[in-house]
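Visitor: I would like to go through some charged contacts and enclosed spaces with you, one at a time. Could you take my questions in turn?

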Amino acid sequence: MYRYDDFDHRFIDERVAQYRDQVRRRLAGQLSEDEFRPLRLMNGLYLQLHAYMLRIAIPYGTLDSTKLRKLAHITRKYDRGYGHFTTRQNLQLHWIKLEDTPDILAELASVEMHAIQTSGNSFRNTTTDPLAGVAADEIEDPRPYAEIIRQWATLHPEFSFLPRKFKIAVSASKEDRAAVKMHDLGLYLHKNEQGEVGFEVLAGGGLGRTPLLAQTIRKFIPRRDLLSYIEACLRVYNQYGRRDNLYKSRIKILVQSLGAKKYAEEVEAEWLASDRDAAALPETYVAEMQSAFTLPDYDKRPVDEAALQKAIAGNPAFARWVKHNVHAHKVPGHAVVTISLKEVGKTGGDCSAEQMDLVADLADELSFGEVRVAYEQNLVLPHVRRDALFELWQRLDAAGLGSSNINQITDIICCPGMDYCSLATARSIPVAQRIAEHMAAKEDLIGAFNIKISGCINACGHHHLGHIGILGVDKNGEEVYQITLGGDAGNDAAIGTIAGPSVKSDEVPAAIDRLVDAYLKLRQEGERFPETYRRVGQAPFKEALYAPR
Amino acid sequence: MLLAEDGTLGVDDWHHLADEEPIPASGAITVSFARWQTDEAILHARADKLGLRLPNTIAPQEIAGDVSRFALIVLNFPKFTDGRAYSQARLLRTRFAYKGELRAAGEVLRDQLLFMRRCGFNSFVVGERAIKENWAKAFSEFDVFYQQPTDGQGPWVMRQRLSPRNP
Amino acid sequence: MQIVTGNRLRDGVVIYFAGAGDWTPSIDKALVAEDDHANALLAEAQVGLPPLPAVGPVLIEVTREGDHLRPVSLRERIRASGPTTGPMAGHTALDANPAASGVDDYSI
C-alpha cells in the first residue's frame, strides 16, 4: 500500500499542530462554535447525541495490520473499546472527547493515518472496490488513482468550501463493486482502442432527499488529463452549485437542473480554457504511484486443495462460509475472504478492539498484513491461500467473526441511527437486528438479498439502493418505517420506489417476511429481487406488504 | 484594517466609492462591478489608481480583458463558508494573469487565510481580532502543500514526490 | 414543561442547565420552566463569558414522574439514558465501565 514519505509525514504533523491550536483556541473561547464547527468537521469530528464522534479516514478502504492495531488501541484508550466501519469505508468512534482529539490525531499520524476531510464541504474519502488489485475482472488496480486524487484533494485551497460535501468513487473492473453511480463524481477506468488508459466520468449521483444516479458526462478522458478534468468539474460546481438551500446544494441538483448535457458542456469549456499541460499527470508519477500497490510475493508452494475440500465435506458450517464469504482471486490457489461484521443480533459494522487485534494477527499470518474495508460494512482479507481457509474460519468463528452471510439477507447495511446520531429521525440498529433474527432461518432458501436501512433521509444506510430499503421517520413522536422496493447498487444501479404508507416498528420484520415470501413465489431461475421486481412490477409486492393479517 | 500576505498589518488607504457617490477627480478609488459597467469611460480617463469590487456571483471571465486596468480587485466572502471567491481568485491570477493586489473582504477569518493566500490573495480585510489573536501566524502553519503553484502565481502542477523510488 | 440541554464542550457529555451558570449531567437536577418562560430559560442558559460550557443548547419538553424528569421525545430519552442497543446499551458517556454492567436488555 502507499507509504508516506518525508513530505507526507511533515504535512500530517503540521495538520495535527494546526488542529491542536484550533482546539486550544476553541476551549479558550477565542473561536465560537460557528467558527470552529467547519474546522473540526474538516478533521472528521462531529458532535452527536452522546458525545463527539470521530470519523477516521481509511483511504479507499485499505488498511494494514499496523494501522488496524492502532485503531484497536485508540478505541481502547480514548473510546469504549469498539468502532463502527462505515458505508464509505471509514471507521467511526462514537464516544470521543474533544479535548482528546489532538492526541488521537497525533497517534493516528504515527501510523500514517488521519481524519482529514471525512466531513465538511470538501472532498470526502475517495472510495473503491474492496477487491482492488486482486479481482479477476479488473483492468488494472484503481487504487493508485484513488491515492492520486486523495493527495490532490487534500486541503485543496480552492475547493475547501464547496456548496456541500463531495464524494468520489473509482472502479476498474467489469463489475462495479464500489457503487460508483451513487457518487457526486464517479470514475470507471477503461482502455480505449489504442489500449490507452482513461476514465469514463459520471457526475451528479447522490442519495438523501433527492436520490439520483450519476450520469456520464464524458465517455473517455485520457489518464493524463484526469486531475485537470476533475478540477474543471469542481470549479463549475464551486461557482454554480446552490448555496441558498442546504437540501439543494449537492452537485446532483446542479446536474439535474442544468441537465447532464449542459453541465458536461460547461465542464468541457472550463477544461479547454485551463492550462491542461501544466496540470497533466506525468507518466512517471502514475508509474511511481502504481509501484506502491503491487501484489505481494505470493508463496509458490502448491496449494493443498484436497485438504480444503475434505474440510468442506466434513463441516457444513465451514462449507457455508466458503460458499458465501470466499471469492475468486486472480492468482490461482488464492482467495479473497470477506469477514462478516453482521453477526445476527449484534450491531452490524461494529468491531471490538479484540476483534480488530485478531483480524490484524490473521492478516499478518495469512494475508500479507493487508485488510480492506467494504462499504457494506464488512472487512476483507485480500490474499489468503485456499489451504489456509479452514484455520482462518475456525479462528474467526471463535471470535464472533465467523458469520457466513455475505450478501445474504442478514448481511444488512445499517447506519447508526437514533441510538447514536443527532441527525436521525428513528432508530435503525434494533430494526436491523430484529429483521436478521426473524429471517435467519430462511436465509439459504432466499439466496442473495440486500436489505439497507437508514435512520433518516440523509441515507447513510443507502436505503434507496436496497432491494428492500427501509427509512426510519418520526410520525407524531412514533418511529415508523417507509419501505422502498427494487433498489440496487452496482452496474444496474436503481433507486428503490416507495411501496406505500409507512409501517410501525414492531410490524417491520413480518412485513419483510411477506415481501420475501412474495419474491420466493414469483422469482424465476437465477433472478435476484431487483430482476423479479422489474419483471413483475410493484403491484404483487404492495399487495403482499399491506395484506391484512 | 488590512493584513498583508507577509503578516504585517496596515491601514486601508483606498476610498471605496458607493454607487450613489460622484466619481472624484483624483485619489485611489474602488468601484462596484455595476459602476464599472456604467461609468467605464469616466473611470478609464482618471489618472489615479482604480480598484474593482467584484461580487462572488460574477464570473471573472466578465472582466477578462480589463484586469490590467485595476491596481486592486476586492473579492467577497459573504459568509466564510461561501467559497466562490477562491475560484475567482485562482482564475484571475492564472487564466487572466491579473498582477495587481487581490484582496479578500467579507467574513475573513484566521483559519481560511492560508487557503486564501494560496489561491492568490495578497491582502485581507480584518478586524481587531487579527491583532489580539495574532492571525499572521496562520500563514506559516504549513510549509508543504499537495497542490503546488510554480512561482506563487503561475499554473498549478501536482506535487512531484521526491523519494528514493523516483530521485 | 421544558428544560435546557446541550453537550459539554470539552467532552461532549450530555448536560442539562441547572440555573445560575451551572450545568449537570443529571437530568433530574435540571431547572424546569413552564412553557411561557421557556425562552427566558434558554436565554439564561446562554449567558456567560466564552467559552460557554454547553454546545448547542436547546429547549426540550419533559414530564415529571415523581422525583424524576422524563423527556417526552425518544431522542432525548436516548440522550439521557444511552443507546438502546449495542455494547453501550443503557449507558451514557459518563459511565466509567459499561462493559462490567452486564446490561443485555435492549429495550428502552
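Visitor: Is A:D21 buried or exposed?
Guide: In this predicted model, A:D21 has a relative accessible area of 17%. Because the limit for the buried class is under 20%, A:D21 counts as buried.

Visitor: Which residue forms a salt bridge with A:D21?
Guide: The closest N and O atoms of the pair are 3.8 Å apart, and the contact crosses between chains, reaching A:D21 in helix α1 of chain A from the loop between β7 (101-106) and α3 of chain B. The partner in that loop is buried, with a relative accessible area of 4%. The residue is B:R110.

Visitor: How many residues apart in sequence are the parts that A:D444 and A:R320 tie together?
Guide: The side chains of A:D444 and A:R320 meet in a salt bridge at 2.8 Å, N to O, with A:D444 exposed at 51% relative accessibility and A:R320 partly exposed at 22%. Because A:D444 lies in helix α15 (residues 443-446) and A:R320 in helix α11 (residues 316-325), both of chain A, the parts they tie together are apart in sequence by 124 residues.

Visitor: Which element gives the most to the lining of the largest cavity?
Guide: The largest cavity holds about 160 Å³ of space, and among the 18 residues that line it, A:R15, A:Q18, A:L155, B:F115 and B:F142 are the closest to its centre. At least two lining residues each come from α1 (6-27) of chain A and α3 (113-119) of chain B. With four residues, the element that gives the most is α1(A).

Note on methods:
Residues numbered from 1 in each chain as written. Chains lettered and ligands numbered in written order. Predicted model: local features only at pLDDT ≥ 70, side-chain atom pairs only at ≥ 80, totals over all residues. Heavy atoms only, no water. 1 Å grid on protein atoms, 1.4 Å probe; cavity = no way out; pocket = protein on both sides within 12 Å on 5 of 7 lines; lining within 4 Å. Points joined across faces, edges and corners; volume = space filled by probe spheres on them. Salt bridge = Lys/Arg side-chain N within 4 Å of Asp/Glu carboxyl O. Buried < 20%, exposed > 50% of the residue type's maximum accessible area, 1.4 Å probe, protein only.
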